[in-house]
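Here's a short tour for anyone meeting this structure for the first time. Have a look at it before reading on.

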Amino acid sequence: MADRMTRVQRSRTMAAVRSRGNLSTEVALVEILRDARISGWRRHVALVGRPDFVFRRHRVVIFVDGCFWQGCPRCYTRPATRRSYWDAKVMRNRARDARQRRNLRAGGWSVLRIWEHELERPARVLIKLKRAGLAATKRSFA
Ligand SMILES: [Zn+2]
């Protein structure tokens, strides 16, 4: 699928991502979903692990994970100071995430994880979504 974001959109998206924190990465995914006309999702649904996006009909949940906080294997670099503190914290985050995702899967949910760095490549994110059965809503020309 072609990357449909213009350069301006992308730099806006990446500026939001760089500003750090879950909220901005969620907003970046909202833009990708809107751009691809994928609907049927809700945010902030009270489910195990508080997934960032829930597609109830498809039984799919999405977590948008911060490359630092969740210890992305590609991007995570250990801070220069207080290393044992940060190592322990990231390890706890990862263990908690793994546990929550197991519970969700046991409950019949498909669990998608999208790393913060993947938001730079909307086309790749869309491939992941498509594999999980999420696609653009067909437009009805009434
Ligand atoms: Zn990353």
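What follows covers a metal site, some aromatic rings and a few charges.

## The zinc site

Keep in mind that this is a predicted model. Its zinc ion is held by four protein donors: C67, C72 and C75 each offer SG, and H117 offers ND1. They sit 2.0 to 2.4 Å from the metal. Along the chain, the donors are spaced as C-x4-C-x2-C-x41-H.

What arrangement do the 4 donor atoms make around the zinc ion? It's tetrahedral, because the angles run from 103 to 121° and the cut-off asks for all of them to lie between 85 and 135 degrees. Two of the cysteines can be described by their accessibility: C72 is buried at 2% relative accessible area, while C75, at 30%, is partly exposed.

## Rings meeting rings

Searching the whole structure turns up 6 aromatic pairs. One of them joins W41 and F53 edge-to-face, with centres 5.4 Å apart and planes at 70°. This pair bridges distant parts of the chain: W41 is in the loop between helix 2 (22–35) and strand 1 (53–55), and F53 is in strand 1, 12 residues away. Both W41 and F53 are buried.

F68 and Y76 also pair up, with ring centres 5.4 Å apart; their planes meet at 35°, so this pair counts as tilted. F68 is partly exposed, at 22% relative accessible area. There's a bigger group here too: F68, W69, Y76, Y85 and W86 make up one aromatic cluster.

## Arginines over rings

R59 lies over the face of W109, 4.2 Å from the ring centre. R101 is placed over the face of F63, at 4.2 Å from that ring's centre.

Definitions and conventions:
Residues are numbered from 1 along each chain as its sequence is written. This is a predicted model: local features need pLDDT of at least 70, side-chain atom pairs count only at pLDDT 80 or more; totals for chains, interfaces and linings use all residues. Side-chain values use heavy atoms; hydrogens and water are left out. Donors are N, O and S atoms within 2.8 Å of the metal (3.2 Å for Na, K and Ca); water is not among the atoms, so sites may look incomplete. Four donors count as tetrahedral if all angles lie between 85 and 135 degrees; four count as square planar and six as octahedral if opposite donors are over 155 degrees apart and all others between 65 and 115; anything else is irregular. Buried means under 20% relative accessible area, exposed over 50%, partly exposed in between (1.4 Å probe, protein chains only). Rings of Phe, Tyr and Trp (its six-membered ring) pair if their centres lie within 6.5 Å; planes under 30 degrees apart count as stacked, over 60 as edge-to-face and the rest as tilted. Helices (H or I, at least four residues) and strands (E, at least two) are DSSP runs, numbered from the N terminus. A charge sits over a ring if NZ of Lys or CZ of Arg is within 6 Å of the ring centre and within 35 degrees of the ring normal.
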